Amino acid sequence: MAERLWGAEAGGAVYRSRDPVRNLRLRVRIQRVTAAGPLPAQASPPPPPLSAPRGPELLALAARASPDARRPPDEEEEAEVGWQEKLFSQFEVDLYQNESACQTHLDRQYHKEILKLEKAGGRKNYRIFTYIDHDQFTNLEEHCQKVTDSDHEVPSYLAERMANVRRRRQDRKPIEANSLKSKIITWEPSEEFIKNNHVINTPVQTMYIMGDLGPYGKLGQREYERVLCTIKVDGNGVITVKPDFTGTKGAYWIELDRQKRDLWKYTIENASIQVQQEEEEREQRVFRDLYSRHKEYLSGLVGSEFEMTLPGTLRLFVNGEVVSAQGYEYDNLYVHFFLELPDHWSSPAFQQLSGVTQTCATKTEDWDNVAYFCYPFTLEMFFSQENESEDCLPQWPVLYFEVLSLDFWQRYRVEGYGSLVLPASPGLHILTIPTWRPVELGTVAELRRFFIGGSPELEDMTYVRIPATFKGERLSRFGFHTETTGSVTFRLYCLQQSKAFLETSASRHRMQSVLDRLGGFSQQSSVYNVLEAFQKARCRMQEARESLPQDLISSSFYTVHQTQEP
């Protein structure tokens, strides 16, 4: 059966190795398939018909017609090449032997190496040589690469820039900590700036294994040089070999564009020294020990046991985010917020219950000016009820916040106040809270706010709802002038933890505490709202009774009492 041959333009392969790349070695064997002269008549196959297929099958017949015994010594060669190992070609030997032709430091180094080779008996390779990463051929080869296979390809701006970038051995100097850049962020990049920065800079080392396919006695001519294999290695241990190792799929072939149409075939094999079984087992033990140590380190950071709360205690964990503020009059907004804990609530000593966002400029979206903060915060608190009572429900913490604006002279104005009761149910909650601000009547107050930044402020921010210092029965805001402003959007991820969640549904009916009776706290918000509405209705009924005559109150009460009887 005829041997199958493959074109040299066959696709490559990508490998990943954790071992040092200096251990990589390749074995390349090249030989001429057709003789330099015409084949003998008795060995020549009959000419194929016009409809007969041409290609690898015909090449195999020609290879059988010229046995290896008749092949000259220079028509077959085998070499083993290591990573970045320099094998000189006949052209380089003739060039660097003359010291006057050496201009760079690399040329003078090659001159010394060639002199050492001549003293040692000359080079052993004739047709197989290499171009390593330092050689000029590597730069020229990358510059001449095409993106498409079109003969009329016009390189784009990016292709030209990428061809001129030296992507190997990037000698980057570390930036000192005290060195400041003039512009860290370019808010309005120009088109030229985008073009200049749209270039990747990946450190890659390249090596070319070449073949001198010239006729016998005419080695060292550039027109007969062909690339047999290209190897690229990056800093992540990725090795790209093009074309791939031959293996079992057969040899590659190269056809020279000459009148004699000489054909060459070559093979590429991985000649790296394989790791012994003992060394591989030792390496696996080292990796297992390293992974186990890293696992113990992570376990030490996280903890092996699940942290449980005390009986009768609810743990509330909130991962929040101040998303945006919209609808305000002035620009350069920031939000100041703090959390108020009611009775029976506590927080760890390290927990910060207040925060201030960064100053953010607004941009117009639809009809509103929106400032996007995306400011994250974390809140952790505990609820524990010592005196169990069926008639009391826990009050939830309240997040108070104020929106302020900053002018050119670093003076601030109050843009709005608001409050947010933390959700009673776990999960994701996206809430948009409207705000208001106190105002003074008259034009002078607005002029003062516009020019010098002065505006009325609340001494106690809890006055947005019911102040913590209020001890009376009724809170009057009569005569307090306010103005509706914009709104603030929050995104809250709420988590709740309690031992009551572990109990079964049958045993929940026997629980006496408030936490156990409410179970998962998903119904607590609705129950609390109903009781609060009922309390307000009761207060209004009491006020109505006080305003009516006593005889009318007794008769109406008697009528209501009678209608409620079954």
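## Phe-401 and its surroundings

Leaving out residues up to four places away in sequence, Phe-401 touches Val-335, His-336, Phe-337, Gly-416, Tyr-417, Gly-418, Ser-419, Ile-433, Thr-435, Met-461, Val-488 and Phe-490. The model examined here is a predicted one.

Phe-401 belongs to the largest nonpolar core, which has 30 residues. Val-322, Phe-373, Phe-401, Val-488, Phe-490 and Leu-492 are the residues with the most contacts inside this core. Two of the partners listed for Phe-401, namely Val-488 and Phe-490, are thus also among these.

## The nonpolar cores

Five strands each supply at least two residues of the largest core: β11 (313-326), β12 (333-340), β16 (368-384), β17 (398-406) and β20 (482-497). The largest share, six residues, comes from β16. Apart from this core lies another, of 29 residues, which includes Val-28, Phe-129, Tyr-208 and Ile-239.

In soluble globular proteins, nonpolar side chains tend to be buried together.

## Overall composition

The protein has 566 residues, and 34% of them count as buried. Its secondary structure consists of 12 helices and 20 strands. Among contacts between residues at least 6 apart in sequence, 74% join residues at least 24 apart.

The accessible surface comes to about 37700 Å². Carbon and sulfur atoms account for 54% of that surface.

## A nonpolar surface patch

Tyr-297, Leu-298, Leu-301 and Val-302 make a nonpolar surface patch of about 460 Å². Val-302 lies in helix α7, which covers residues 277-302. With a relative accessible area of 72%, Val-302 is exposed, since the cut-off for that class is over 50%.

## Strand β16: Pro-376 and Glu-380

Pro-376 is placed in strand β16, the strand that gives the largest core its largest share of residues. Pro-376 itself is exposed, at a relative accessible area of 58%. Beyond its neighbours within four places in sequence, Pro-376 is in contact with Gly-320 and Glu-321. The C-alpha atoms of Pro-376 and Val-323 are 8.5 Å apart in space, while the two residues are 53 apart in sequence.

Glu-380 and Arg-315 meet through their side chains in a salt bridge, with an N to O distance of 2.6 Å. This pair links distant parts of the chain, 65 residues apart, with Glu-380 in strand β16 and Arg-315 in strand β11. Both Glu-380 and Arg-315 are buried.

## Other salt bridges

The count of salt bridges comes to 16. One of them joins the side chains of Arg-27 and Glu-80, at 3.7 Å from N to O. Arg-27 lies in strand β3 (residues 25-32) and Glu-80 in strand β4 (residues 76-82), so the pair ties together parts that are 53 residues apart in sequence. Both residues count as partly exposed: Arg-27 has 26% relative accessibility, and Glu-80 has 37%. Arg-27 and Glu-80 also belong to a network of salt bridges that links Arg-25, Arg-27, Glu-78, Glu-80, Glu-85 and Glu-269.

A further salt bridge is formed by Glu-473 and Arg-474, whose closest N and O atoms are 3.8 Å apart. Glu-473 counts as exposed, at 76% relative accessibility. Arg-474 is exposed as well, with a relative accessible area of 57%.

## Cysteines

A search of the whole structure finds zero disulfides. Cys-374 is in no disulfide, and the nearest cysteine sulfur, that of Cys-360, is 8.3 Å away. A disulfide requires the two sulfur atoms to be within 2.5 Å, so this separation does not meet the criterion.

Is Cys-374 buried, partly exposed or exposed? Cys-374 counts as partly exposed, at 46% relative accessibility. Cys-494, in contrast, counts as buried, at 5% relative accessibility.

Conventions
Residues numbered from 1 in each chain as written. Predicted model: local features only at pLDDT ≥ 70, side-chain atom pairs only at ≥ 80, totals over all residues. Heavy atoms only, no water. Core = buried A, V, L, I, M, F, W, Y, C linked by side-chain atoms within 4.5 Å. Buried < 20%, exposed > 50% of the residue type's maximum accessible area, 1.4 Å probe, protein only. Helix = DSSP H or I, 4+ residues; strand = E, 2+ residues; numbered from the N terminus. Contact = heavy atoms within 4.5 Å. Patch = residues over 30% accessible without salt bridge, like charges linked within 9 Å, V, L, I, M, F, W, Y side chains within 5 Å. Areas by Shrake-Rupley, 256 points an atom, 1.4 Å probe, with all protein chains shown as cover. Salt bridge = Lys/Arg side-chain N within 4 Å of Asp/Glu carboxyl O.
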